[in-house]
Amino acid sequence: MKIIQQQEANEATAMTARTTETTVTFKNKFNLSHLDGPQPAGTYRLVTVDEEIPGLTFIAFRRTYTMLHVPALAKGGGKTQVFTVDPEELEAALNADQRLSPQGPSITKVV
């Protein structure tokens, strides 16, 4: 009987996560607080993980983390580092880049 109750408790706390992969393009070099210094202009892979909020009568998700892959995609061939970034700081950096380059940054969703 205890085993069944434990299984039901585990099922009740199981969470569903979704991952979204996008790319962001900077026209100018940029810096974020968690990076090892300024990064060159380029297109970077961005992965966002959201988890389902349990216990609601509708499906809703909350952002768990956002990861930026460095270096830029075109630089390939070497080691890649993954940094957790603050989505608001990233958005501010993209907006600053857009002010510097009227064509602005681009965000592309990769499915």
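Good morning. A residue is called buried when its relative accessible area is under 20%, exposed when that area is over 50%, and partly exposed in between. I begin there because the definition settles our opening case: Pro71 has a relative accessible area of 32%, so Pro71 is partly exposed. Please keep in mind throughout that the structure shown is a predicted model.

Let us stay with Pro71 for a moment. Where does Pro71 lie? Its place is the loop between strand 3, residues 61–70, and strand 4, residues 81–85. The peptide bond that joins Val70 and Pro71 is cis, with omega at about 10°. Leaving out residues up to four places away in sequence, Pro71 touches Tyr44, Lys79 and Thr80. Pro71 and Arg45 are 26 residues apart along the chain, and their C-alpha atoms are separated by 8.9 Å.

Tyr44, one of the residues that Pro71 touches, leads us to the aromatic rings. How many aromatic pairs does the structure hold? The count is 3. One of these pairs is formed by Phe26 and Phe30, and it is stacked, with 3.8 Å from centre to centre and 10° between the planes. Phe26 also pairs with Tyr44, this time edge-to-face, at 6.4 Å centre to centre and with 75° between the planes. Phe26 lies in strand 1, residues 17–26, and Tyr44 in strand 2, so this pair ties together parts that are 18 residues apart in sequence. Through ring pairs, Phe26, Phe30 and Tyr44 are linked into a cluster.

Are these three residues buried or exposed? Phe26 has a relative accessible area of 1%, Phe30 one of 6%, and Tyr44 one of 0%. Each value is under 20%, and therefore each residue counts as buried. Tyr44 has many neighbours to show for its position: leaving out residues up to four places away in sequence, its contacts include Thr22, Val24, Gln39, Leu68 and His69.

I now turn to the nonpolar core. In soluble globular proteins, nonpolar side chains tend to be buried together. Here the largest nonpolar core has 15 residues, and those with the most contacts inside it are Phe26, Leu32, Tyr44 and Leu68. Strand 1, strand 2, strand 3, strand 4 and helix 2, residues 87–100, are the elements that give two or more residues to this core. Which element gives the most? Helix 2 does, with 3 residues.

My last topic is charge. Side chains of opposite charge can pair when their charged atoms come close. The structure has 4 salt bridges. In one of them, the side chains of Arg18 and Asp50 meet at 3.4 Å, N to O. Because Arg18 lies in strand 1 and Asp50 in strand 2, the pair ties together parts that are 32 residues apart in sequence. Another salt bridge joins Arg63 and Asp50, whose closest N and O atoms are 3.4 Å apart. Arg63 is in strand 3 and Asp50 in strand 2, so this pair ties together parts that are 13 residues apart in sequence. Arg18, Asp50 and Arg63 are thus joined into one network by salt bridges that share partners.

How do the members of this network differ in their exposure? Asp50 has a relative accessible area of 8%, so it counts as buried. Arg18, at 41%, is partly exposed, and Arg63, at 48%, counts as partly exposed as well. Asp50 lies in strand 2, which spans residues 42–52. Leaving aside neighbours within four places in sequence, Asp50 is in contact with Thr16, Ala17, Arg18, Phe61, Arg62, Arg63 and Thr64. Arg18 has a further partner, for it lies over the face of Phe61, at 4.0 Å from the ring centre.

One more salt bridge deserves a mention. Arg45 forms it with Glu21, and the closest N and O atoms are 3.1 Å apart. The pair links distant parts of the chain, with Arg45 in strand 2 and Glu21 in strand 1, 24 residues apart. Arg45, at 29% relative accessibility, counts as partly exposed, and Glu21, at 28%, is partly exposed too.

To close, I return to two residues. Tyr44 belongs to the ring cluster with Phe26 and Phe30, and it is among the residues with the most contacts inside the largest nonpolar core. Asp50 shares a salt-bridge network with Arg18 and Arg63. Thank you for your attention.

Definitions and conventions. Residues are numbered from 1 along each chain as its sequence is written. This is a predicted model: local features need pLDDT of at least 70, side-chain atom pairs count only at pLDDT 80 or more; totals for chains, interfaces and linings use all residues. Side-chain values use heavy atoms; hydrogens and water are left out. Helices (H or I, at least four residues) and strands (E, at least two) are DSSP runs, numbered from the N terminus. Buried means under 20% relative accessible area, exposed over 50%, partly exposed in between (1.4 Å probe, protein chains only). Contact means heavy atoms within 4.5 Å. Rings of Phe, Tyr and Trp (its six-membered ring) pair if their centres lie within 6.5 Å; planes under 30 degrees apart count as stacked, over 60 as edge-to-face and the rest as tilted. A charge sits over a ring if NZ of Lys or CZ of Arg is within 6 Å of the ring centre and within 35 degrees of the ring normal. A nonpolar core is a set of buried Ala, Val, Leu, Ile, Met, Phe, Trp, Tyr and Cys residues joined through side-chain atoms within 4.5 Å.
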